[in-house]
Amino acid sequence: MAQISLESIKQIDKYRNTIHEKVHATYTVFEQNGAKYVQLDTYGRIDRENPEKISQSFQLDKSSAKFLISILQKAFEI
C-alpha cells in the first residue's frame, strides 16, 4: 500500500505509453486518527492465478486528493 508523497511528485515525459487492460477495482472511505482517507484497490486480470488478490492499492488524504483533482482538471481541461 502506498500514499503519494506530494513533496516529491513531479511530471515526467514518457515516450512509450500503452493503454492498460481494464481490471476490477474497489474503493473504501475510512477515517483514522481524525483524518479521512480514500483507498483504491485494483485486482488482477481474470486469468491470473489468484484474480481476487489485490494487485495495487493507494490512499488519498484530503491534500493528495485536491492535488490529484488539480492534475486531472489541467490534463482534461475541465
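Trainee: Just after α1, what phi does E77 take?
Mentor: This is a predicted model, with local features needing pLDDT of at least 70, side-chain atom pairs counting only at pLDDT 80 or more, and totals for chains, interfaces and linings using all residues. Residues are numbered from 1 along each chain as its sequence is written, and side-chain values use heavy atoms, leaving out hydrogens and water. E77 sits in the segment after α1, and helices here are DSSP runs of H or I with at least four residues, strands being E runs of at least two, all numbered from the N terminus. E77 isn't a glycine, yet its phi is positive, near 50 degrees.

Trainee: Is E77 buried or exposed?
Mentor: Buried means under 20% relative accessible area and exposed means over 50%, with partly exposed in between (1.4 Å probe, protein chains only). E77 comes in at 73% relative accessibility, so it counts as exposed.

Trainee: How far does α1 reach from its first C-alpha to its last?
Mentor: The helix covers residues 62–76, which is 15 residues. The expected span is 1.5 Å times one less than the number of residues. That gives an expected 21 Å, and α1 comes close to it, reaching 21 Å.

Trainee: Which residue in the turn between β2 and β3 has a positive phi?
Mentor: β2 (25–32) is followed by a loop and then β3, and the two strands make a hairpin with two residues between them. One residue of that loop has 79% relative accessibility, so it counts as exposed. Phi is near 50 degrees there, in a residue other than glycine. The residue in the turn is N33.

Trainee: How many bridges join β2 to β3?
Mentor: Strands of a sheet pair through backbone hydrogen bonds, either parallel or antiparallel. Here two strands count as paired if DSSP finds at least two bridges between them. β2 and β3 run antiparallel, with A25 partnered by T42 in β3. The number of bridges joining them is eight.

Trainee: In what order do the four strands form the sheet?
Mentor: It's an open sheet with mixed pairing. β1 (2–3) and β2 stand at the edges with a single partner strand each, so one side of each has no neighbour in the sheet. The order is β1-β4-β3-β2.

Trainee: What angle does the direction of α1 make with that of β4?
Mentor: β4 (residues 54–60) runs antiparallel to β3, joined by six bridges, and S57 in β4 stands opposite D41. α1 packs on the sheet, touching β3 and β4; contact means heavy atoms within 4.5 Å. Axes are lines fitted to C-alpha atoms (for helices over the stretch in contact), with angles from 0 to 180 degrees between N-to-C directions. For α1 and β4, the angle is about 100 degrees.

Trainee: Which side chain does Q39 join through a polar contact of 2.8 Å?
Mentor: Q39 lies in β3 (residues 35–43), and at 11% relative accessibility it counts as buried. A polar contact is a pair of N or O atoms within 3.5 Å; within protein, one must be able to donate a hydrogen and the other to accept it, and sequence neighbours count only if both atoms are side-chain atoms. Q39 joins D41 at 3.0 Å. At 2.8 Å, the partner is Q59.

Trainee: What radius of gyration does the protein have?
Mentor: It's taken over C-alpha atoms, and the globule rule is 2.2 Å times the number of residues to the power 0.38. A compact globule of 78 residues would be near 12 Å, but the protein has 15 Å.
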